[in-house]
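Here's a quick walk through the empty space, the ring contacts and a couple of backbone oddities in this model. Keep the viewer open as you read.

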Amino acid sequence: MTDRLSELTAAGVAVWLDDLSRVRLSSGGLDQLRREKHVAGVTTNPTIFAKALSDADEYDWQLRDLATRGVEVEEAVRMLTTYDVRWACDVMRPSYEGSAGVDGRVSIEVDPRLAHETDKTVAEAKALWWLVDRPNLFIKIPATEAGLPAITATLAEGISVNVTLIFGLDRYSQVMEAFLAGLEQAKANGHDLSKIGSVASFFVSRVDSEVDKRLQKLGSDDAKALRGKAAVANAKLAYERYGEVFSSDRWQALADAGAHPQRPLWASTSTKNPDYRDVIYVEELIAPGTVNTMPEPVVHAYADHGETRGDTITGSYDEARKVFADLESVGIDMADVIETLEREGVEKFETSWQELLDGVRKSLSAAGRGAGHPGDAAKDNAQAAQQAGGNA
C-alpha cells in the first residue's frame with residue numbers, strides 16, 4: 001500500500017494534529033498517530049479544549065480534587081489544560097528528539113482575552129512555560145498588533161512560540177520581523193538558539209469562507225469563477241515572503257548561531273465547502289520546510305487518497321498574484337477580508353474560552369457536591385498512562 005503521509009513528509013511537510021483530549025492521551029490514540037500516521041506535532045486552541053472537557057468524564061477525578069481544594073475556575077482551567085499538554089509533550093518526545101528539536105512540539109495558547117495586552121501576554125506565556133515544563137512546548141500567541149512585541153519578548157526569554165491567527169501577508173511579514181528580533185535578543189541574553197523553536201500559523205480555509213461569501217453576494221459569473229482560489233493563493237504568496245526572509249544575510253547570521261527557521265504552518269486546513277476536495281489545503285500547499293496541522297479526519301483522508309505531486313507552491317507565485325488581481329477587479333477588498341478575519345478569529349477564541357470557563361465552573365460545582373469520594377479507576381488509569389508516557 002502507498003504510504004501517502006510518508007510521501008508528504010518526504011516532500012518537506014511536517015504532519016501535525018490539530019486536536020488534543022484526555023481520551024486521546026489515555027487511549028494511546030495520539031501515540032498511535034505518531035507511530036503509524038507520521039504525526040510529528042500537536043496544536044491546540046480554546047475551542048479544542050472546550051470540546052474535550054465537555055465530552056469526556058476522564059477529567060472527573062481531577063475536577064473533584066480541584067473542587068475539594070476550592071480552586072478558582074481560571075486556575076482549574078490552567079491545571080486541566082497544562083496537564084494534558086504536558087502529557088502530550090511526553091508522548092511526542094520521540095519526534096522531538098528524532099528531529100533535533102524541530103518537530104515533536106505541542107502548542108498551548110495564552111488566554112485569548114489578552115490578545116490586545118502585550119505585557120499580560122508575555123507574563124502568561126512565561127507562566128505556561130514553567131507550568132508545563134517541557135522543552136518541546138510551544139506557546140501560542142496571536143498575531144495581533146499587541147501580540148507582535150509579545151512574540152519578540154517571549155522569544156527573547158528563550159521560550160518557543162507558535163504565532164497564531166495570521167491571515168494577511170503584511171501581518172505575516174511583521175511576524176517574521178518579530179521572530180528575527182526575538183532571536184537576536186535571545187542570543188544577546190545568552191540563550192542557546194538551537195533550543196528555541198517557532199512556527200507561524202497562517203490560516204487557510206477561513207480565507208476562502210469569507211471571500212467565497214462575498215463573491216457569492218456579488219453574483220456575477222466572473223466573481224463565482226473565483227470561489228475557492230483566494231486561500232491557496234494567499235498562502236502561496238506567504239511562502240514566497242518566507243523564502244525571501246529566510247535567505248537574507250540577517251537570517252544567515254542567526255542560522256550560523258544555531259537557530260532554526262520559523263516554519264510556515266498551514267492552519268485551518270479542513271475543507272469547509274463540501275464542493276471542494278477534502279484535502280485541497282494539503283495537496284495545494286506542499287513545499288519544503290512547512291507544517292500542515294490537520295484535524296484527524298483530514299489526516300485519514302490524506303492517508304487514503306491524498307496526492308503528493310512534489311512542490312506545489314514554488315514557482316506558482318505569478319499565478320497567485322493574478323488571483324489577487326482578479327479578486328480586486330470584481331470588487332473584493334482583501335485588506336478588509338483580512339481585518340475581518342483577524343477580528344473574528346480573536347472573538348471566536350474568546351467565546352470558546354468563555355465556554356471553557358463556564359463548563360469548568362459547572363463541573364467544579366458538580367464535583368464539589370460529590371467531593372470526598374475516593375479516586376476511581378479513571379484517575380488511576382490516567383496517572384499510570386501519563387507515567388508511562390513520561391518514561392518513554
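## Pockets, cavities and rings

Helix 18 is the top contributor to the lining of the largest pocket, giving 5 residues. Bear in mind that this is a predicted model. That pocket has a volume of about 500 Å³, and 29 residues line it, with Asp-18, Arg-206, Ser-268, Ser-270 and Lys-272 lying nearest its centre. Besides helix 18 (334–369), the elements that give two or more residues to the lining include strand 5 (161–166), strand 6 (198–203), helix 11 (205–218) and strand 7 (263–267). By class, the lining of the largest pocket splits into 8 nonpolar, 12 polar and 9 charged residues.

Next comes the second largest pocket, at about 290 Å³. Its lining is made of 13 residues, and Leu-169, Asp-170, Met-334, Ala-335 and Ile-338 are the closest to the centre. Helix 18 turns up here too: along with helix 10 (169–188) and helix 17 (317–329), it supplies at least two of the lining residues. Helix 10 gives the most this time, with 4 residues. The class split for the second largest pocket is 7 nonpolar, 3 polar and 3 charged.

Now for the closed spaces. Rolling a probe the size of a water molecule over the atoms is how the leftover empty space shows up. Counting cavities of 30 Å³ or more gives 2. Here are the pockets and cavities side by side.

| Space | Volume | Lining by class |
|---|---|---|
| Largest pocket | about 500 Å³ | 8 nonpolar, 12 polar, 9 charged |
| Second largest pocket | about 290 Å³ | 7 nonpolar, 3 polar, 3 charged |
| Largest cavity | about 70 Å³ | 4 nonpolar, 4 polar, 2 charged |
| Second largest cavity | about 40 Å³ | 4 nonpolar, 3 polar, 2 charged |

Which residues line the largest cavity? They are Gly-101, Val-102, Arg-105, Phe-138, Gly-197, Ser-198, Val-199, His-260, Pro-261 and Arg-263. Two of those names are worth picking out, since Arg-105 puts its charged end over the ring of Phe-138, 4.9 Å from the ring centre.

The second largest cavity is lined by Thr-44, Asn-45, Pro-46, Phe-49, Arg-78, Thr-81, Ile-108, Glu-109 and Trp-353. Helix 4 (46–55), helix 6 (73–91) and strand 3 (105–109) each supply at least two of its lining residues.

On to the rings. A pair of aromatic rings is described by the distance between the centres and the angle between the planes. The structure holds 11 aromatic pairs. One of them brings Phe-138 back: Trp-16 and Phe-138 make a tilted pair, 6.1 Å centre to centre with 40° between the planes. The pair links distant parts of the chain, with Trp-16 in strand 1 (residues 13–17) and Phe-138 in strand 4 (residues 137–142), 122 residues apart. Are these two buried or exposed? Both Trp-16 and Phe-138 are buried.

Another pair, Tyr-172 with Phe-202, is edge-to-face, at 5.7 Å centre to centre and 70° between the planes. This one also links distant parts of the chain: Tyr-172 sits in helix 10 and Phe-202 in strand 6, 30 residues apart. Tyr-172 and Phe-202 are buried as well. There is also an aromatic cluster, formed by Phe-179, Tyr-239, Tyr-242, Phe-246 and Trp-251.

Last, the backbone. Most residues other than glycine have a negative phi. Asp-133 goes against that, with a positive phi of about 60° although it is not a glycine. Asp-133 is in the loop between helix 8 (118–132) and strand 4. Why does Asp-133 count as exposed? Because its relative accessibility is 54%, and the cut-off for exposed is over 50%.

Ser-268, already met as one of the residues nearest the centre of the largest pocket, has a positive phi too, near 55°. Ser-268 lies in the loop between strand 7 and helix 15 (280–283). Its relative accessibility is 12%, so Ser-268 counts as buried, given that buried means under 20%.

Note on methods
Residues numbered from 1 in each chain as written. Predicted model: local features only at pLDDT ≥ 70, side-chain atom pairs only at ≥ 80, totals over all residues. Heavy atoms only, no water. 1 Å grid on protein atoms, 1.4 Å probe; cavity = no way out; pocket = protein on both sides within 12 Å on 5 of 7 lines; lining within 4 Å. Points joined across faces, edges and corners; volume = space filled by probe spheres on them. Nonpolar A, V, L, I, M, F, W, Y, C, P; charged D, E, K, R; others polar. Phe/Tyr/Trp six-rings, centres within 6.5 Å; stacked < 30°, edge-to-face > 60°. Buried < 20%, exposed > 50% of the residue type's maximum accessible area, 1.4 Å probe, protein only. Lys NZ or Arg CZ within 6 Å of the ring centre and 35° of its normal.
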